[in-house]
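Student: Before we discuss the assignments, could the model be displayed? I should like to set each label against its criterion.

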Amino acid sequence: MAKILISRDGVLEKTVQLTKERMTIGRHPHNDIVLEHPTVSGDHAAITTILDDSFLEDLYSTNGTFVNGQRVSKHHLRHGDTVKLAKYSIEFVADGIRPISGLPATPATLPTARIEVLNGSNAGRVLELTKMQTSLGRAGVQVVVINRTEAGYAAVHAEGERIPLLNDAPLGKLPQALADGDVLDLSGTRMAFRLV
């Protein structure tokens, strides 16, 4: 289970396990993680955890949310990322893979799959989905993450303002299972999911 280490002026103030799917951060007491400083917005940011992935989202804060020195509106967190919220420095720590029903994951039993680009200058290009997680798109613009689990393959909109499409319907922030022949559309580039 992932956690965050919250420091201020170089002093570690608290460690918080990301135990809920969505945890809010802000100055107001109704937040899951309360940071009592006037430079922190009442509702500053939120961390959403889906399966083994955590995503940081700025909630239109006054002073902004920064990851590794870059201002972000949404960001797919990776182990070791440093988040700045006003006077606070928050380190994201991925504590390993979330257990599924107490059983080890057995992705090798899944049929292999690939992504095939259907149009544009890369038409015909094939990407084998051999990793547990594959990112498609451009960071900061539009990113879709395909997760490979023992239950199958699932896609999620991970980053960017532009909403990708799955079979011509908006792909949301919650994982959607992929079936053979499904078509993803990232800013006009169409890609087919194929089971091999």
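**Labels and their criteria**

Tutor: In this predicted model, R22 forms a salt bridge with E57, and the closest N and O atoms are 3.7 Å apart. Residues are numbered from 1 along each chain as its sequence is written, and side-chain values use heavy atoms, with hydrogens and water left out. Local features need pLDDT of at least 70 and side-chain atom pairs count only at pLDDT 80 or more, while totals for chains, interfaces and linings use all residues.

Student: Why is the contact between R22 and E57 called a salt bridge?

Tutor: The term requires a side-chain nitrogen of Lys or Arg within 4 Å of a carboxyl oxygen of Asp or Glu. The N and O atoms of R22 and E57 are 3.7 Å apart, so the pair meets that criterion. R22 lies in strand β3 and E57 in strand β6, so the salt bridge ties together parts that are 35 residues apart in sequence. Strands here are DSSP runs of E, at least two residues long, numbered from the N terminus.

Student: What makes D185 buried and D168 exposed?

Tutor: Buried means under 20% relative accessible area, exposed means over 50%, and partly exposed lies in between (1.4 Å probe, protein chains only). D185 has 13%, so D185 is buried; D168 has 56%, so D168 is exposed. R190, at 28%, counts as partly exposed.

Student: How do you know that D168, D185 and R190 are linked in a network?

Tutor: The side chains of D168 and R190 meet in a salt bridge at 3.3 Å, N to O, and those of D185 and R190 meet at 3.6 Å. D168, D185 and R190 are thereby linked in a network of salt bridges. A search of the whole structure finds five salt bridges.

Student: What makes β5 and β6 a pair of strands?

Tutor: Two strands pair if DSSP finds at least two bridges between them. Strand β5 (residues 45-50) and strand β6 (residues 53-58) have six bridges, so they qualify, in the antiparallel sense. T49 stands opposite S54 in β6. Five strands form an open sheet of mixed pairing, in the order β4-β3-β5-β6-β9.

Student: Why is β4 called an edge strand?

Tutor: The edge strands, β4 (33-34) and β9 (74-76), each pair on one side only.

Student: Which residues have the most contacts inside the largest nonpolar core?

Tutor: They are I4, I6, I33, L35 and L56, in a core of 21 residues. A nonpolar core is a set of buried Ala, Val, Leu, Ile, Met, Phe, Trp, Tyr and Cys residues joined through side-chain atoms within 4.5 Å.

Note on methods: Helix = DSSP H or I, 4+ residues; strand = E, 2+ residues; numbered from the N terminus.
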